[in-house]
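User: Please teach me how to read burial, salt bridges and empty space in a model, one feature at a time.

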Amino acid sequence: MIDDSWLTEFPEMERADLLAIRKTLDRAYREFSRNYGEALEVFFDPLLSFLIWFERLLLNTPWWIMIIMLSAISYLVSRSWKLAGSVIFVFSVIGYFGMWEDTMRTMSIILVCTMVAIGLGIPLGIAMARSNRVQSTIIPLLDIMQTMPAFVYLIPIVMLLGIGKIPGVIAVVTYAIPPVIRLTNLGIRLVNKEVLEAATAYGASSSQRLFSVQLPLAMPTIMAGINQTIMMALAMVVIASMIGVKGLGQPVLKSITNQYFTLGLINGLAIVALAIIFDRVSQSYAKRTQQHLSGGRYE
């Protein structure tokens, strides 16, 4: 008699076979961790040292100097007194509610992660823009990175490097880097071909066209990618706190486990305030860049 159970039940792999595959992959990753985990820790030591130094710099700088510096940077980037005043107000409120140190820790890791993402993402975006083959290879990887649940990033990183700052940085960068890669690629590809032909006619080399024509014209789009990277890095703060990253994420995690509504709300609002400040500053810079390139004036 013909077995027609497949018509009503989906044919599945035998559980023994599935278990064997899982055990094989887990064993292989554990072997990889034992063999290369220590070497990877040594490789990331300079980044860890820089992150610790930068965090201590923010924590040890007097609060009033930090607020003046942050507001001054905001004004220089945006040329907006309103935004500079908002920075002073937001950070004053954060400090008044006792979240200054956690905010500085969060800022340190977000800024370092953003610098790493920019340092890796823009060259990858340029490579994608200059080669269709590279683009077709990297885009599926970016799709996976953007759709993979954030918690999944933590599993292999913790198995490989344990808990601490570096696993947190790797998790945040992996989660936040796709926008800057995609928008760098898009911005360069959208540069008018006639402009490139004119640059070539004037004898510009390939590198001159890239650095003098394509990147400046693509800068507003690249800045939009950096803006989204910062937002995604901030969104990862609470999840990264699960693997030992100190900052505003840890009180939020504590409030979840202990049902402290007010603690979670206040620290969550601090993260939102940071996100809004970073968003407005980066958007203002992008608008000023666009106005400058178009010959206009940004108010």
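User: Let's start with D143: is D143 exposed or buried?

Analyst: Neither extreme applies, because D143 has a relative accessible area of 36% and is partly exposed. On this scale, buried is under 20% relative accessible area, exposed is over 50%, and partly exposed is in between (1.4 Å probe, protein chains only). Before we go on, note that this is a predicted model, in which local features need pLDDT of at least 70 and side-chain atom pairs count only at pLDDT 80 or more, while totals for chains, interfaces and linings use all residues. Residues are numbered from 1 along each chain as its sequence is written, and side-chain values use heavy atoms, with hydrogens and water left out.

User: With which residue does D143 form a salt bridge?

Analyst: The general idea comes first: side chains of opposite charge can pair when their charged atoms come close. Here a salt bridge is a side-chain nitrogen of Lys or Arg within 4 Å of a carboxyl oxygen of Asp or Glu. D143 pairs with R182, and their closest N and O atoms are 2.4 Å apart. This salt bridge links distant parts of the chain, 39 residues apart, with D143 in helix 5 (residues 132-147) and R182 in helix 8. The helices are DSSP runs (H or I, at least four residues; strands are E, at least two), numbered from the N terminus. R182 is partly exposed too, at 25% relative accessible area.

User: What does R34 do with E31?

Analyst: R34 and E31 bring their side chains together in a salt bridge, at 2.7 Å from N to O. Both residues lie in helix 1, 3 residues apart, which is about one turn of the helix. R34 is exposed, with 57% relative accessible area, and E31 is partly exposed at 39%.

User: Which residue forms a salt bridge with R105?

Analyst: That is E55, with the closest N and O atoms 3.7 Å apart. R105 lies in helix 4 and E55 in helix 1, so this pair ties together parts that are 50 residues apart in sequence. R105 counts as buried at 17% relative accessibility, and E55 counts as buried at 11%. Both residues belong to a network of salt bridges that links E55, E101, D102, R105 and K165. A search of the whole structure finds 7 salt bridges.

User: How many cavities of 30 Å³ or more does a search of the whole structure find?

Analyst: There is 1 cavity of that size. Rolling a probe the size of a water molecule over the atoms shows where empty space is left. On a 1 Å grid over the protein atoms alone, a cavity is a set of points where a 1.4 Å probe fits but cannot get out, while a pocket is an open set with protein on both sides within 12 Å along at least five of seven lines; lining residues have an atom within 4 Å of a point. Grid points are joined across faces, edges and corners, and the volume is the space filled by probe spheres set on the points. The largest cavity has a volume of about 40 Å³.

User: Which residues line the largest cavity?

Analyst: L51, E55, R105, S108, I109, K165, V245 and K246 line it. By class the lining has 3 nonpolar, 1 polar and 4 charged residues. For these classes, Ala, Val, Leu, Ile, Met, Phe, Trp, Tyr, Cys and Pro count as nonpolar, Asp, Glu, Lys and Arg as charged, and the others, Gly among them, as polar. Helix 1 (15-60) and helix 4 (100-130) each supply at least two lining residues, and helix 4 gives the most, with 3.

User: What volume has the largest pocket?

Analyst: The largest pocket has a volume of about 620 Å³. It is lined by 26 residues, and the closest to its centre are L70, I73, L111, F278 and V281. Helix 1, helix 2 (63-78), helix 3 (81-96), helix 4, helix 10 (206-235) and helix 13 (261-293) are the elements that give two or more residues to this lining. The lining comprises 22 nonpolar, 4 polar and no charged residues.

User: Which residues are closest to the centre of the second largest pocket?

Analyst: The second largest pocket has a volume of about 440 Å³. Among its 18 lining residues, M145, I157, I170, V173 and T174 are the closest to its centre. Its lining has 17 nonpolar, 1 polar and no charged residues. Helix 1, helix 4, helix 5, helix 6 (150-161) and helix 7 (165-176) each supply at least two of them.

User: Back in helix 8, is N185 buried or exposed?

Analyst: N185 is buried, with 6% relative accessible area. N185 lies in helix 8 (residues 178-189). Leaving aside neighbours within four places in sequence, N185 is in contact (heavy atoms within 4.5 Å) with G125, M128, A129 and Q135. For the chain as a whole, buried residues make up 38% of the 299 residues, and the chain has 13 helices and 0 strands.
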